[in-house]
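Please read this report alongside the sequence and the model shown below. The description begins with a pair of strands and then moves through the rest of the chain.

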Amino acid sequence: MLEVQGLAKRYGEVGVFRDVSLAVAAGEFVAIVGESGVGKSTLLNCMAGLDDWQEGSIRVDGQELAALDDDGRALLRRARLGFVFQAFHVLPHLDVAQNVALPLLLLQRPDPARVETMLEAVGLGGLGARLPQQLSGGQLQRVAIARALVHGPKLLLADEPTGNLDPGTASRVLQVLRDQARATGAALVLVTHSEAAAGQADRVLHLRSDGIA
Ligand SMILES: Nc1ncnc2c1ncn2[C@@H]1O[C@H](COP(=O)(O)OP(=O)(O)OP(=O)(O)O)[C@@H](O)[C@H]1O
Ligand SMILES: [Mg+2]
């Protein structure tokens with residue numbers, strides 16, 4: 001589902017990482033760990049076609065990202081990708097249900113029942129009419145997770161999705177991510193500093209400036 005070959009990322013002369021190669025199969029759950037600033041979020045952004053790189057290639061569901069222009073990447077993200085950002089990116093003027101429904105609307109597949117199911121799955125049942133400013137940080141994080149899952153993406157990229165949650169809620173939300181990924185055969189790539197979260201993955205990869213293993 002996801003193949004990264006020899007990826008290198010630099011800002012001008014300053015290298016972030018190089019020689020990063022990994023493959024994640026459909027239905028597989030891989031955790032990526034590494035110290036702060038090593039480039040985990042950058043790597044996920046590259047995988048989503050939201051950032052560019054200097055060497056190497058990334059294939060998502062057989063599609064080489066470098067061969068797509070911005071519009072092509074946006075279409076691929078819309079149809080096949082779910083992304084939970086480190087900084088939620090919940091839209092402040094839409095209510096919770098509208099935020100979660102967004103991927104379905106972009107695909108012209110509105111489905112309020114599915115939206116409510118996802119809200120319940122992350123423990124936010126009944127809060128659909130609230131505005132984001134009326135939620136806690138942990139609740140916002142769960143809105144972002146419900147939104148990433150709602151359209152059943154083939155590749156799910158999650159950047160520290162349990163960072164703002166208490167251990168109990170974190171483990172429940174992680175369970176939702178895993179169950180959904182498993183149910184839909186999606187590949188799940190999770191960036192985390194949490195050993196508990198990484199411990200649930202099929203594989204744990206350690207990112208360093210000179211590679212990943
Ligand atoms: N626009 C930029 N110009 C130069 N360097 C940048 C720029 N954006 C990010 N960086 C650097 O790239 C490196 C990787 O950042 P990234 O956010 O991917 O790290 P991370 O592993 O996700 O860290 P954390 O665990 O704290 O979230 C950092 O050292 C950061 O300083
Ligand atoms: Mg990060």
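## The hairpin of β1 and β2

In this predicted model, strand β1 (residues 2-11) runs antiparallel to strand β2 (residues 14-24), and the two are joined by seven bridges. One point of pairing can be followed at Arg10, whose bridge partner in β2 is Gly15. The hairpin that these strands form has two residues between them, and in it Gly12 takes a positive phi near 60 degrees.

## The shell around ligand 1

The residues around ligand 1 are Tyr11, Val16, Gly34, Ser36, Gly37, Val38, Gly39, Lys40, Ser41, Thr42 and Gln86. Helix α1, which covers residues 40-47, gives the most to this shell, with three residues. Sorted by class, the shell around ligand 1 holds seven polar residues, three nonpolar residues and one charged residue.

## The annotated domain and its open sheet

An unreviewed UniProt entry lists residues 2-213 as "domain: ABC transporter". Over residues 2-213 the chain is 35% helix and 26% strand, and the C-alpha atoms at the two ends are 16 Å apart.

Six strands form an open sheet with mixed pairing, in the order β6-β7-β8-β3-β9-β10. The edges of the sheet are β6 (81-84) and β10 (211-212), each of which has a single partner strand, so that one side of each is left without a neighbour in the sheet. At the β10 edge, the pairing with strand β9 (residues 203-208) is antiparallel and extends over two bridges, and Leu207 stands opposite Ile212 in β10.

## The largest nonpolar core

In soluble globular proteins, nonpolar side chains tend to be buried together. The largest nonpolar core of this model has 63 residues, of which Met47, Val100, Ala146, Leu156, Leu157 and Val189 touch the most other members. Helix α5 (residues 137-149) supplies the largest share of this core, with seven residues.

Which residues does Leu156 touch, when those up to four places away in sequence are not counted? The contacts of Leu156 are then Gly82, Ala148, Leu177, Ala181, Ala186, Ala187 and Leu188.

## Loop residues with positive phi

Most residues other than glycine have a negative phi. Asp61, which is not a glycine, nevertheless has a positive phi near 55 degrees, and its place is in the loop between β4 (55-60) and β5 (63-64). Asp61 counts as partly exposed because it has 16 C-beta neighbours inside 10 Å, where a residue is called buried at 20 or more and exposed at 12 or fewer.

Gln108 likewise is not a glycine and has a positive phi of about 55 degrees; it is found in the loop between α3 (96-106) and α4 (112-121). Is Gln108 buried or exposed? With 6 C-beta neighbours inside 10 Å, Gln108 counts as exposed.

## Leu94 and Ala129

Leu94 has its place in the loop between β6 and α3. Leu94 is partly exposed because 15 other C-beta atoms lie within 10 Å, a count that falls between the limits of 12 and 20 used for exposed and buried residues. In sequence Leu94 and Ala129 are 35 residues apart, while in space their C-alpha atoms are 9.1 Å apart.

Notes: Residues are numbered from 1 along each chain as its sequence is written. Chains are lettered from A and ligands numbered from 1 in the order in which they are written. This is a predicted model: local features need pLDDT of at least 70, side-chain atom pairs count only at pLDDT 80 or more; totals for chains, interfaces and linings use all residues. A residue is near a molecule or strand if its C-beta atom, placed from the backbone, lies within 6 Å of it. Helices (H or I, at least four residues) and strands (E, at least two) are DSSP runs, numbered from the N terminus. Ala, Val, Leu, Ile, Met, Phe, Trp, Tyr, Cys and Pro count as nonpolar, Asp, Glu, Lys and Arg as charged, and the others, Gly among them, as polar. UniProt positions are given in the numbering used here, feature names are shortened, and annotations may be inferred rather than shown by experiment. Two strands pair if DSSP finds at least two bridges between them. A nonpolar core is a set of buried Ala, Val, Leu, Ile, Met, Phe, Trp, Tyr and Cys residues joined through C-beta atoms within 7 Å. Two residues are in contact if their C-beta atoms, placed from the backbone, lie within 7 Å.
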